[in-house]
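This report goes through the fold of one protein chain and then its charged side-chain pairs. Please keep the sequence and the 3D view at hand while reading.

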Amino acid sequence: MQSGYRKYHSTETALLRVMSDVYSAADEHRVTLLALLDLSADFDCVDHDILLRRLRLAFGIDGSALAWLTSFLSARTQRVYYLGQLSEVCHLLFGVPQGSVLGPLLFLLYVAEVADVLAAHGFKGHSYADDTQMYISVPAADAAVHLSDCIVISRVG
């Protein structure tokens, strides 16, 4: 369900996937409810503890590979150079390195569970990097109920 960070995939392939599903549903006289999710500062919000736990439990990464990834994520710092001045050193407690080869992969593994959550609630999803389209196609008569249920659930949660 991911078109970002993949060879021969683009925003165009993401759009084609979602639109194909929407058109197929329309051919079956179903309407599609679509929600667009956009994570802000996505790479900066990755919780290291959650990521490492997910790598171990969901993806079976353990031993020296997990230790190496733990080392890669921990004790990171950053400084900003602006107008000839360097800021104080800031210790980073969250996030994966942007511009690295591992950054996008670690981010995708961090958010991989989203697909399971969507499927458990009958939704389809497709993503391009950190932008996710979640959608469900239902008979037109049921659309208002699904939308209402979604709104009620989001207010409760």
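Of the contacts in the protein chain with a separation of 6 or more, 65% are between residues 24 or more positions apart. The model is predicted. The protein chain has 157 residues, and buried residues make up 27% of them. About 10,600 Å² of the protein chain is exposed, and 59% of this area comes from carbon and sulfur atoms.

The secondary structure comprises 6 helices and 7 strands. Read from the N terminus, the order of elements is α-β-α-α-β-β-β-β-α-α-β-β-α.

**The sheet and helix α1**

An open sheet is formed by 3 strands in the order β1-β7-β6, with antiparallel pairing. Its edge strands are β1 (30-38) and β6, each of which pairs on one side only. With direction ignored, neighbouring strands of this sheet are turned by 20 degrees against each other on average. The antiparallel pairing of β6 with strand β7 (residues 131-139) runs over 5 bridges. Within β7, Gln133 is the residue that stands opposite His126.

Helix α1 lies across β1, β6 and β7, and runs at about 160 degrees to β6.

**Salt bridges**

Side chains of opposite charge can pair when their charged atoms come close. The structure holds 3 salt bridges, and they are listed below with the N to O separation.

| Pair | N to O distance |
|---|---|
| Asp21 and Arg17 | 3.1 Å |
| Arg54 and Glu113 | 3.7 Å |
| Lys124 and Asp21 | 4.0 Å |

How many residues apart are Asp21 and Arg17 in helix α1? They are 4 residues apart in this helix (residues 11-27), so about one helical turn separates them. Asp21 has a relative accessibility of 13% and counts as buried. Arg17, in contrast, is partly exposed, its relative accessible area being 42%.

Asp21 also meets Lys124 in a salt bridge. This pair links distant parts of the chain, since Asp21 belongs to helix α1 and Lys124 to strand β6 (residues 124-128), 103 residues apart. Lys124 is partly exposed at a relative accessible area of 44%.

The side chains of Arg54 and Glu113 form another salt bridge. Arg54 is in helix α2 (residues 48-57) and Glu113 in helix α5 (residues 113-120), so this pair ties together parts that lie 59 residues apart in sequence. Is Arg54 buried or exposed? Arg54 counts as buried because its relative accessibility is 16%, and the cut-off for buried is under 20%. Glu113 is partly exposed, with a relative accessible area of 43%.

Which residues do salt bridges with shared partners join into one network? The network consists of Arg17, Asp21 and Lys124.

**Putting the parts together**

Helix α1 and strand β6 come up in both sections above. The helix lies across the sheet strands β1, β6 and β7, and the salt bridge between Lys124 and Asp21 links strand β6 with helix α1. In that network, Asp21 is buried, whereas Arg17 and Lys124 are partly exposed. In the pair that ties α2 to α5, Arg54 is buried and Glu113 is partly exposed.

Methods
Residues are numbered from 1 along each chain as its sequence is written. This is a predicted model: local features need pLDDT of at least 70, side-chain atom pairs count only at pLDDT 80 or more; totals for chains, interfaces and linings use all residues. Side-chain values use heavy atoms; hydrogens and water are left out. Helices (H or I, at least four residues) and strands (E, at least two) are DSSP runs, numbered from the N terminus. Buried means under 20% relative accessible area, exposed over 50%, partly exposed in between (1.4 Å probe, protein chains only). Two strands pair if DSSP finds at least two bridges between them. Axes are lines fitted to C-alpha atoms, for helices over the stretch in contact, and angles run from 0 to 180 degrees between N-to-C directions. Contact means heavy atoms within 4.5 Å. Accessible areas come from the Shrake-Rupley method with a 1.4 Å probe; for residues, only the protein chains shown count as cover.
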